[in-house]
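Student: Could we go through this model together? I'd like to start with the cysteines and then look at helix packing and the aromatic rings.

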Amino acid sequence: MTLTQMQYFQAVCKYENFTKAAEDQHISQPAMSAAMKDLEVECGVPLFKKTRNSLTITDAGWALLEEVQVNLRQYDHLMHAIKDLSLSRKYIRVGVATLNGNLVYPQILSAFSKRCPDIQVISSEEPTANQFELLDQGKLDVAINGKRLTPSEEDNYHSWPLIYNEMVFCVPQGHSLVKETVVTAEQAAREPLVLMEKRFGITQGFLGRMEKKGFSCRVLHYTDQMYSVERFVEQGVACGILPKLVVEQNPHIVGLPCAELSRGMVSLHWRRDQMLFSATKAFIDLVKEMYPKQPQ
């Protein structure tokens, strides 16, 4: 099976249509049909079920597609590597989660810039899920976020713990909840809230857990800036959710534990199967020095 056949096959599976797949791959429809017929002969099983007006993928076709996508992704990574090597790569691409990643990234960037002034750091704030998609696509080298990897994800990614972070329910000084040791779901539901945008995992998790307990939240405003959450809470307009480490630096806000909020490690992640360029390795080595791994 050639690289071209894999690309043609993936296109057919994507569109479930020989004509559209042929257009996508810039070949004629008869040429695409012939290539897929040759592939079925090579595999010895039908890969498609064809009727007059439709084309569907067989179980064997889906199984083959899974393997083809793995190989095409590896080929794409190889092409990126070759391109980067030919350019004597002197940069690293870092994905940073707004709420968790920024708790450590400024310090890391400052130290790395001093140690490796000739290496450009290209960073972007992305939701955690997007970061892992970009790692898979070879568009990020490392990601900093608060995701706890599942056992299956640990097969694909390295993870280095940085700091422990707890999200807290924030109220202004003098608020009636300040005397509480823990904010309950019922108490949180009674308060007007300012939350990070719904694309953020912390917001999705909080709203989801509240809904499971039968509570609706009074959200006055969604934002993509922690700064805005702090200002709303300071002025007593609404309560909010922020990292405990951020709240501890603001004397006008009190952070309270809440069972519906997450807690865990902020970590550095990178793919196990991705080539480590010297710039990436230097970044990872520095992070490990700054945050020595604690024993389990």
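Tutor: A disulfide here is a pair of cysteine sulfur atoms within 2.5 Å, and in this predicted model the structure holds zero disulfides.

Student: Why is there no bond at Cys 217?

Tutor: The closest cysteine sulfur to that of Cys 217 belongs to Cys 258 and is 9.3 Å away, which is too far for a bond.

Student: And Cys 239, is that one buried or exposed?

Tutor: Cys 239 is buried, with a relative accessible area of 2%, whereas Cys 217 is partly exposed at 21%; the sulfur of Cys 239 is also too far for a bond, since its closest cysteine sulfur, in Cys 170, is 8.6 Å away.

Student: Switching to H10, which residues are buried there?

Tutor: In helix H10, residues 226–234, the buried residues are Met 226, Val 229, Glu 230 and Val 233. Seen down the axis of H10, they fall within an arc of 100°, so they line one face of the helix.

Student: What covers them?

Tutor: The cover of the buried residues of H10 includes strands E6, E7, E8, E9 and E10 together with helix H11.

Student: Now the rings: how many aromatic pairs are there?

Tutor: There are four aromatic pairs. One of them joins Phe 9 and Phe 48, with centres 5.8 Å apart and planes at 55°, so the pair is tilted. Phe 9 sits in helix H1 and Phe 48 in strand E1, 39 residues apart, and both are buried.

Student: What about Phe 132 and Tyr 157?

Tutor: Phe 132 and Tyr 157 pair edge-to-face, at 4.9 Å centre to centre with 80° between the planes, and Arg 271 lies over the face of Tyr 157, at 5.3 Å from the ring centre.

Notes. Residues are numbered from 1 along each chain as its sequence is written. This is a predicted model: local features need pLDDT of at least 70, side-chain atom pairs count only at pLDDT 80 or more; totals for chains, interfaces and linings use all residues. Side-chain values use heavy atoms; hydrogens and water are left out. Buried means under 20% relative accessible area, exposed over 50%, partly exposed in between (1.4 Å probe, protein chains only). Helices (H or I, at least four residues) and strands (E, at least two) are DSSP runs, numbered from the N terminus. The arc is that of the directions from the helix axis to the C-beta atoms. Contact means heavy atoms within 4.5 Å. Rings of Phe, Tyr and Trp (its six-membered ring) pair if their centres lie within 6.5 Å; planes under 30 degrees apart count as stacked, over 60 as edge-to-face and the rest as tilted. A charge sits over a ring if NZ of Lys or CZ of Arg is within 6 Å of the ring centre and within 35 degrees of the ring normal.
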